Amino acid sequence: MSDPQAPALELVNLSKTYGRRGKGVRAVRDVSLSVAPGEVYGFLGPNGAGKSTTIRMTLGLIAPTGGEVRLFGEDLRRHPAVLKRVGSLVDGGAFYPFLSGRRNLEVVASTHGAPTDADRIDSLLDQVGLAKDAKRKVKGYSTGMRQRLGVAAALLHDPDIVILDEPVNGLDVAGIQEMRALIRGLAADHRKTVFLSSHLLHEVQQVCDRVAIISKGEVVREARIADLLRQEAGLRVEAAPLDIAEAALAARWSVERSGDALVVGATRDEAPEVARRLIGAGAQLFGLAAEQRNLEEVFLAITQPETDDA
Ligand SMILES: Nc1ncnc2c1ncn2[C@@H]1O[C@H](COP(=O)(O)OP(=O)(O)OP(=O)(O)O)[C@@H](O)[C@H]1O
Ligand SMILES: [Mg+2]
């Protein structure tokens, strides 16, 4: 019996080495994370970070070298039937180009033992915004339409969690917006849990509640998007002499030089204290402003820390 309190998805020290054990490519290393029911969770990382490898293990498509995948509290290896509660879109989904979108869904449904009744398929086509294009052949669909048809196919058997590998990859601005609305609706209107990967920070920021950042096969940070942005905020200080200012502030906060200014790891609420310390140390203060690093900078700082001293 599955535990109703259990996380929808839990990865525990999940690892994958391609090729010979110990000698091959260590694509995923001890990835642990937990996704609560109803959450939209982002798995964010640059190319080659190990996102698709992790997702393939989560879907039981490839075997882990180590660790465990738990879905709704059940160990995937021991209870592979739990995959009935999972819908997925990887590699954009595969469809018959000469069949209509609607017919393709019927084929997928009957192949996978999902309900094939017309009402259900109509409502899914409507949900992904393809109602009016349902009778058109898929070969005439845009990339965005195909991706949305892929989401509809993933939903045919009414899964509780939907796992999407790079759902906005290759889409134009309009396609991205449609996919974004669709993903939000899955959680908000249809009570699905969503786990999606992306290398696009902006997308994850727009759509997800929480994120794990993966770099070179390892999770380097797991956080709520809002906390990530807040933690990484700082104060930009313009003061002279710079070395005196730096020493005065470094006693309390992290301090980085940025051109002629300092970026101090202090919150906006601490601005008066920053000013007092500078004046107290005999520095002159020319400027003090809250600096919100965007997610892109946060991401680069986390995934490429070695470039700091370049
Ligand atoms: N079948 C395979 N055999 C050997 N190495 C592989 C295989 N699949 C992936 N890799 C390697 O594993 C690492 C992680 O690849 P993976 O595809 O999981 O990354 P990703 O984060 O999905 O990247 P992308 O953003 O490019 O899709 C890379 O170094 C990749 O070259
Ligand atoms: Mg990938």
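**Ligand 1 shell and the six-stranded sheet**

In this predicted model, ligand 1 is surrounded by Tyr18, Val25, Ala27, Gly45, Asn47, Gly48, Ala49, Gly50, Lys51, Ser52, Thr53 and His199, where a residue is near a molecule if its C-beta atom, placed from the backbone, lies within 6 Å of it. Local features need pLDDT of at least 70 and side-chain atom pairs count only at pLDDT 80 or more, whereas totals for chains, interfaces and linings use all residues. Residues are numbered from 1 along each chain as its sequence is written, with chains lettered from A and ligands numbered from 1 in the order in which they are written.

At least two residues of the shell come from each of strand S2 (25–35) and helix H1 (51–58); helices (H or I, at least four residues) and strands (E, at least two) are DSSP runs, numbered from the N terminus. The most is given by H1, with three residues.

An open sheet has six strands in the order S6-S7-S8-S3-S9-S10, with mixed pairing; two strands pair if DSSP finds at least two bridges between them. Strand S6 (86–89) and strand S10 (218–224) are the edge strands, each pairing on one side only. S6 and strand S7 (residues 161–165) run parallel and are joined by four bridges. Leucine 89 stands opposite leucine 164 in S7.

Helix H4 (residues 143–155) lies across S6 and S7 and runs at about 160° to S6. Axes are lines fitted to C-alpha atoms, for helices over the stretch in contact (C-beta atoms, placed from the backbone, within 7 Å), and angles run from 0 to 180 degrees between N-to-C directions.

Technical notes. Two residues are in contact if their C-beta atoms, placed from the backbone, lie within 7 Å.
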